[in-house]
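Student: Hi! Could you walk me through a few spots in this one?
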Amino acid sequence: MDIEAGTGSLARVPGAGRPVPEAEPALVERWRSAGGELVELLSRVRAHCGGVAAFRLGPARTVLVTDPQAVQHVLARHPERYVKRSHRARLLIGDGVLAATGTAWKRQRRLLQSQFTGTGMRRYEQRITEAARTTAARWEGYARTGQTLDVAREMRRFALDAIWRSLTGHALDDGTERELAAVTAVAAALPTLPADGTDARDAVAADLARIDAVARHAIDTARAGVAGHDGPGLLHVLVDAAAEHPEYTDRLIRDELVTLLTAGHETTATTLTWLYLLLDQYPAAREQALAAGGEGSAPRRQAVQALVHETLRLYPAAWILPRHATEDDTVARHTVTAGTDILVCPYLTHRDPELWPEPERFDPRRFTVPEGRPAHPGAYLPFGIGPRACLGVQFALRESTVLLEHLLPVHALSFHSRPTKAAYGMTVRPDGPTTASLVPPLT
């Protein structure tokens, strides 16, 4: 985020609502002087001003939204009033569905929607399972030899294999994995890149070239009709779309491919890494999930899914959702003027003690017992809500659950060290080493 100096007071604007309470400039200046993360400022603003609150980092005012009713108003009930503008990842994903707006977004979303629900998801079930089996076999090798592993890398490798199989029909090979490490590198660099677009692109030009080369080869292979071991993949759907929709140029197909690769493995890998770090702190949660039922049973699957959901509560896939108000509106009885930048922050909503008792505690039972979680849809939104909610929610939950069903009964991890903080970029990721050893499980 480009931070500029400047303060000001909130003037009352026309409409039925009250002015949005605004954080004192001194609060922002203390944060600025300390050089803290944006999430720390947002947390202070919410604590001082409530679930709809304003602050200034420059001449313009930004409104922070964490109250569940206000969240639902902005994202689900009136998305036409609160729009996405330029996505911070556009440098990486171009005009892919995550960054697209308006008519283009509707067209692209419509094409992809069917691939991630119902019949479309069943098409990818076996591919996800094969990726999980490959990971399980690799972990068996680590267990036999006593080799340490980097948990974050292992989870990226699994998630990338699952989405690569689903996109291309091919298992992920070592060479492709090495080249696609550039996706993670660019995604991690985005928050620190220069504000100027040309300078930003120059800073990651080598990594972007590697990504483009992999994408070009995959597109050419799909266009040649070469299907992988598992048959045609989602990339073939995109290539075939070009026959009826001329807007699906090679560049747009590349952008959709990279969008799906990025969103399809970064969030899942990060979630699974956090989950194992949390299980290291709360080992009883693993035992409780396995004790919920036998292998393959519905109760065990529900308990394993609860591990994932509780991890996503603490570390949501989309931790912050920027929007821009296109017209005057009233949100939770507060007036928001056209032109205001909005930050919806699931990370803070999920840690609100009025919604989630003991919010810092990892407790998967919130998602298995009656009334364990808030009923309001705006209180839990790890993938967003409304028409722009993540397309791949079911894919991400399915691949996470399948992998855990393969690994949890057989392996437990002992971390050699734990990251001391989180890094807030496209995702909330552990900021530090995640080296661990496999140990005999307690159950």
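Tutor: Happy to! Leucine 391 counts as buried, because its relative accessibility is 14% and the cut-off for buried is under 20%. Keep in mind that this is a predicted model.

Student: Okay, and where is the place of leucine 391?

Tutor: Leucine 391 is in the loop between α15 (346-349) and α16 (393-407).

Student: Which residues is leucine 391 in contact with, leaving aside its neighbours within four places in sequence?

Tutor: Those are Val97, Arg109, Leu112, Gln113 and Phe116.

Student: New topic: how many disulfides does the structure hold?

Tutor: The count is zero. Take cysteine 345: the nearest cysteine sulfur belongs to cysteine 49, and that is 15 Å away. For cysteine 390, the nearest one is that of cysteine 345, at 17 Å. A pair would need its sulfur atoms within 2.5 Å to count.

Student: Are cysteine 345 and cysteine 390 buried or partly exposed?

Tutor: Cysteine 345 is buried, with a relative accessible area of 0%. Cysteine 390 has 31% relative accessibility, so cysteine 390 counts as partly exposed.

Student: Cool. Now helices: at what angle do α8 and α10 pack?

Tutor: The angle between α8 (residues 174-189) and α10 (residues 205-223) is about 130°, and their axes are 8 Å apart. The two are therefore oblique to each other, and their crossing is left-handed.

Student: And which residues meet there?

Tutor: From α8, the list includes Leu180, Val183 and Val186, while α10 brings Asp207, Leu208, Arg210, Ile211 and Val214. The residues of this contact divide into eight nonpolar, one polar and four charged.

How values were computed:
Residues numbered from 1 in each chain as written. Predicted model: local features only at pLDDT ≥ 70, side-chain atom pairs only at ≥ 80, totals over all residues. Heavy atoms only, no water. Axes fitted to C-alpha atoms, helices over the stretch in contact; angles between N-to-C directions. Helix = DSSP H or I, 4+ residues; strand = E, 2+ residues; numbered from the N terminus. Parallel < 35°, antiparallel > 145°, perpendicular 65-115°, else oblique. Left-handed = near helix turned anticlockwise from the far one by under 90°. Contact = heavy atoms within 4.5 Å. Nonpolar A, V, L, I, M, F, W, Y, C, P; charged D, E, K, R; others polar. Buried < 20%, exposed > 50% of the residue type's maximum accessible area, 1.4 Å probe, protein only.
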